[in-house]
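Colleague: Before I trust any labels on this thing, I'd like to hear how each one was earned. Can we put it up and go through them together?

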Amino acid sequence: AVSVSLGTALPFGANLKNQFSSGMRLNASIATPFEFSGIKVLGEFSTFTLAASGDFSDNYTDYSVTSFGVKLTKSISVLDLSLGTGLSMASGTAMYMPYEDYNMTTLFLSGAASYTLPLSGLFSKIADGKFEDLEIAVSMGGIEIFGAPADSGTSDLLDFGLSIRYPFLF
């Protein structure tokens with residue numbers, strides 16, 4: 001199955017929330033054939049951009065991050081829980097003086113919870129049931145990137161969004 005999520009990324013850590021405003025986040029996951037004890041393994045790609053804001057925002061660039069990794073998911077009751085890790089890449093101009101260029105590739109950790117909306121009955125009536133496997137979920141999560149657009153620190157973000165999942169067969 002392929003899942004695409006669109007949502008907002010909110011800077012949460014002290015070093016980011018005063019320097020950047022919230023932005024859009026795009027996340028795509030693809031199921032792998034690997035599963036153990038009810039835990040599914042997925043490949044994950046995500047990207048987000050936070051707009052530079054604050055008193056000195058003319059001196060540094062927006063914070064744009066692209067991440068690739070692996071995510072483990074498990075359904076518990078009505079929630080789908082996930083934990084992920086991988087590499088995040090970003091480059092631009094640092095948010096603190098002397099406003100030098102940076103280029104980072106660093107580890108990230110993520111976690112999320114989502115709730116699939118009970119819409120399967122409605123989708124089964126559309127186009128003779130061709131969309132009965134379509135799932136729409138609301139989600140919230142967080143990501144910690146072990147790097148920031150500065151000499152040191154981490155990037156802590158919260159994200160909220162909507163995801164659409166459909167079992168495409170390749």
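**How the labels were earned**

Modeller: Let's start with Ile145, whose contacts beyond four places away in sequence are Phe48, Tyr63, Val65, Ser88, Met104, Thr106, Leu107, Phe108, Thr154, Ser155 and Leu157. Keep in mind that this is a predicted model.

Colleague: What makes something a contact here?

Modeller: Heavy atoms within 4.5 Å. Each residue I listed for Ile145 passes that test.

Colleague: And which residues have the most contacts inside the largest nonpolar core?

Modeller: Ile145 is among them, along with Phe20, Phe48, Leu50, Tyr63 and Leu157, in a core of 18 residues. At least two core residues come from each of E4, strand E5 (63-76), strand E7 (101-116) and E8. The top contributor is E7, with three.

Colleague: Why is Val138 called partly exposed?

Modeller: Its relative accessible area is 38%. Buried means under 20% and exposed means over 50%, so a value in between is partly exposed. Val138 sits in strand E8 (residues 135-145).

Colleague: What is the nonpolar surface patch made of?

Modeller: Val138 joins Ile76, Val78, Leu79, Leu81, Tyr115 and Leu162 in a patch of about 560 Å². Patch members need over 30% relative accessible area, and Val138, at 38%, clears that.

Colleague: Why does Phe131 count as partly exposed?

Modeller: Phe131 comes out at 36% relative accessibility, and that falls between the 20% and 50% cut-offs. Phe131 is in the loop between helix H2 (120-123) and E8. Leaving aside residues up to four places away in sequence, Phe131 touches Phe123, Ile126 and Tyr166. The C-alpha atoms of Phe131 and Gly121 are 10.0 Å apart, with ten residues of chain separation.

Colleague: How do you know that strands E1 and E3 pair?

Modeller: Pairing takes at least two bridges, and strand E1 (residues 2-11) has eight to strand E3 (residues 23-36), running antiparallel. One partnership across these strands is Ala9 with Gly23 in E3.

Colleague: And what makes E3 and strand E4 a pair?

Modeller: The cut-off is at least two bridges, and E3 has nine with strand E4 (residues 39-52), also in the antiparallel sense. Ile30 faces Gly43 of E4 there.

Colleague: Which residue takes a positive phi in the hairpin of E3 and E4?

Modeller: Ser37, with phi near 50°, in a hairpin that has two residues between the strands.

Definitions and conventions: Residues numbered from 1 in each chain as written. Predicted model: local features only at pLDDT ≥ 70, side-chain atom pairs only at ≥ 80, totals over all residues. Heavy atoms only, no water. Helix = DSSP H or I, 4+ residues; strand = E, 2+ residues; numbered from the N terminus. Patch = residues over 30% accessible without salt bridge, like charges linked within 9 Å, V, L, I, M, F, W, Y side chains within 5 Å. Areas by Shrake-Rupley, 256 points an atom, 1.4 Å probe, with all protein chains shown as cover. Salt bridge = Lys/Arg side-chain N within 4 Å of Asp/Glu carboxyl O. Buried < 20%, exposed > 50% of the residue type's maximum accessible area, 1.4 Å probe, protein only. Core = buried A, V, L, I, M, F, W, Y, C linked by side-chain atoms within 4.5 Å.
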